[in-house]
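Colleague: Before I take this to the bench, could you walk me through how the labels on it were reached?

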Amino acid sequence: MGGNSPCASCKLLRRRCTKDCIFAPYFPSDEPHKFAIVHKVFGASNVSKMLQQELPVHQRADAVSSLVYEANARVRDPVYGCVGAISYLQNQVSQLQMQLAVAQAEILCIQMQHEPVMPTSQTGPDDDKSFLLQNSLPQYLNYGSSSNAIHDSLKRESIFGDMIS
């Protein structure tokens, strides 16, 4: 910044903010929490080295956003960080996909139960398939018992320690 208001980094570190401050474009003075958390987790020196030496200018803003996200995740979960959050969300997606599949199968079963059975005088390859679907599938999709078994098997502990149901 170099002007009247020092950047969040220079405020926190209690130093003078120069016009070529590496932190000023990414940690504005009106968002001090961003630098505070990044500094707490990664350290100002490491962030400075990364921004100055390891990254091209066009990637620095994205890197700072990633550092802020990871620092917040590390504060919430010091062991797994954002990987823990990603794993938790992947488990939720898997469970929702399973619930969707069960619901679609239940809808199919109900639709098949409500469709009138057409009497067939001639049997062909298509008639055999419809007969098998109408007569065999509802037996395999008995959701009174299997639905509970599927839902019970989905209850497992997440990496955060809470039960997922």
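Modeller: Here is the reasoning behind some of the labels, one question at a time.

Modeller: Please keep in mind that this is a predicted model. The protein has 7 helices and 2 strands, and along the sequence they follow the pattern α-α-α-α-α-α-α-β-β. Of its 165 residues, 27% count as buried.

Colleague: Let's start inside. Why is phenylalanine 23 called buried?

Modeller: Buried means under 20% relative accessible area. Phenylalanine 23 has 2% relative accessibility, so it counts as buried. The residue is found in the loop between α1 and α2.

Colleague: What is phenylalanine 23 in contact with, leaving aside its neighbours within four places in sequence?

Modeller: Its contacts are Cys7, Ser9, Arg15, Phe35, Ala44, Val47, Ser48 and Leu51. To be called a contact, heavy atoms must come within 4.5 Å. As for cysteine 10, it lies 13 residues from phenylalanine 23 in sequence and 8.1 Å away in space, C-alpha to C-alpha.

Colleague: Serine 48 appears among those contacts. Is serine 48 buried or exposed?

Modeller: Serine 48 has 15% relative accessibility, and since the limit for buried is under 20%, it counts as buried. Its place is in helix α3. Leaving aside neighbours within four places in sequence, serine 48 is in contact with Ile22 and Phe23.

Colleague: Which residues touch the most other members of the largest nonpolar core?

Modeller: That core has 22 residues, and those touching the most other members are Cys7, Cys21, Phe23, Phe27, Val38, Val47 and Leu51. The elements giving two or more residues to this core are α1 (8-13), α2 (32-42), α3 (44-54) and α4 (57-76). The biggest giver is α4, with 5 residues. In soluble globular proteins, nonpolar side chains tend to be buried together.

Colleague: Now the cysteines. How do you know that cysteine 7 is in no disulfide?

Modeller: A disulfide needs two cysteine sulfur atoms within 2.5 Å. For cysteine 7, the nearest cysteine sulfur is that of cysteine 10, 3.6 Å away. That separation is too far for a bond, so the pair does not qualify. By this rule the count comes to 0 disulfides.

Colleague: And what makes cysteine 7 and cysteine 10 buried?

Modeller: Cysteine 7 has a relative accessible area of 0%, and cysteine 10 comes in at 2%. Buried means under 20%, so both residues earn the label.

Colleague: How many salt bridges are found in the whole structure?

Modeller: The search finds 2 salt bridges.

Colleague: Why is the pairing of glutamate 70 with arginine 74 called a salt bridge?

Modeller: The rule asks for a side-chain nitrogen of Lys or Arg within 4 Å of a carboxyl oxygen of Asp or Glu. Here the closest N and O atoms are 2.7 Å apart, so the pair qualifies. Both residues lie in helix α4, 4 residues apart, about one turn of the helix. Side chains of opposite charge can pair when their charged atoms come close.

Colleague: What labels do glutamate 70 and arginine 74 get for accessibility?

Modeller: Glutamate 70, at 15% relative accessibility, counts as buried because the limit is under 20%. Arginine 74 has a relative accessible area of 29%; partly exposed lies between the 20% and 50% limits, so that is its label.

Colleague: What makes glutamate 31 and lysine 34 a salt bridge?

Modeller: Their closest N and O atoms are 3.1 Å apart; the limit is within 4 Å, so this pair qualifies as well. Glutamate 31 has a relative accessible area of 27% and is partly exposed.

Colleague: On to the surface. Why is valine 79 called exposed?

Modeller: Exposed means over 50% relative accessible area, and valine 79 has 61%, so the label fits. Its place is in the loop between α4 and α5 (82-114). Together with Tyr80 and Val83, Val79 forms a nonpolar patch on the surface, with about 310 Å² of accessible area.

Colleague: One last residue: what is noted about phi of arginine 14?

Modeller: Phi of arginine 14 is near 55°, a positive value in a residue other than glycine. Arginine 14 sits in the loop between α1 and α2. With a relative accessible area of 77%, set against the limit of over 50%, arginine 14 is therefore exposed.

Key
Residues numbered from 1 in each chain as written. Predicted model: local features only at pLDDT ≥ 70, side-chain atom pairs only at ≥ 80, totals over all residues. Heavy atoms only, no water. Core = buried A, V, L, I, M, F, W, Y, C linked by side-chain atoms within 4.5 Å. Buried < 20%, exposed > 50% of the residue type's maximum accessible area, 1.4 Å probe, protein only. Patch = residues over 30% accessible without salt bridge, like charges linked within 9 Å, V, L, I, M, F, W, Y side chains within 5 Å. Areas by Shrake-Rupley, 256 points an atom, 1.4 Å probe, with all protein chains shown as cover.
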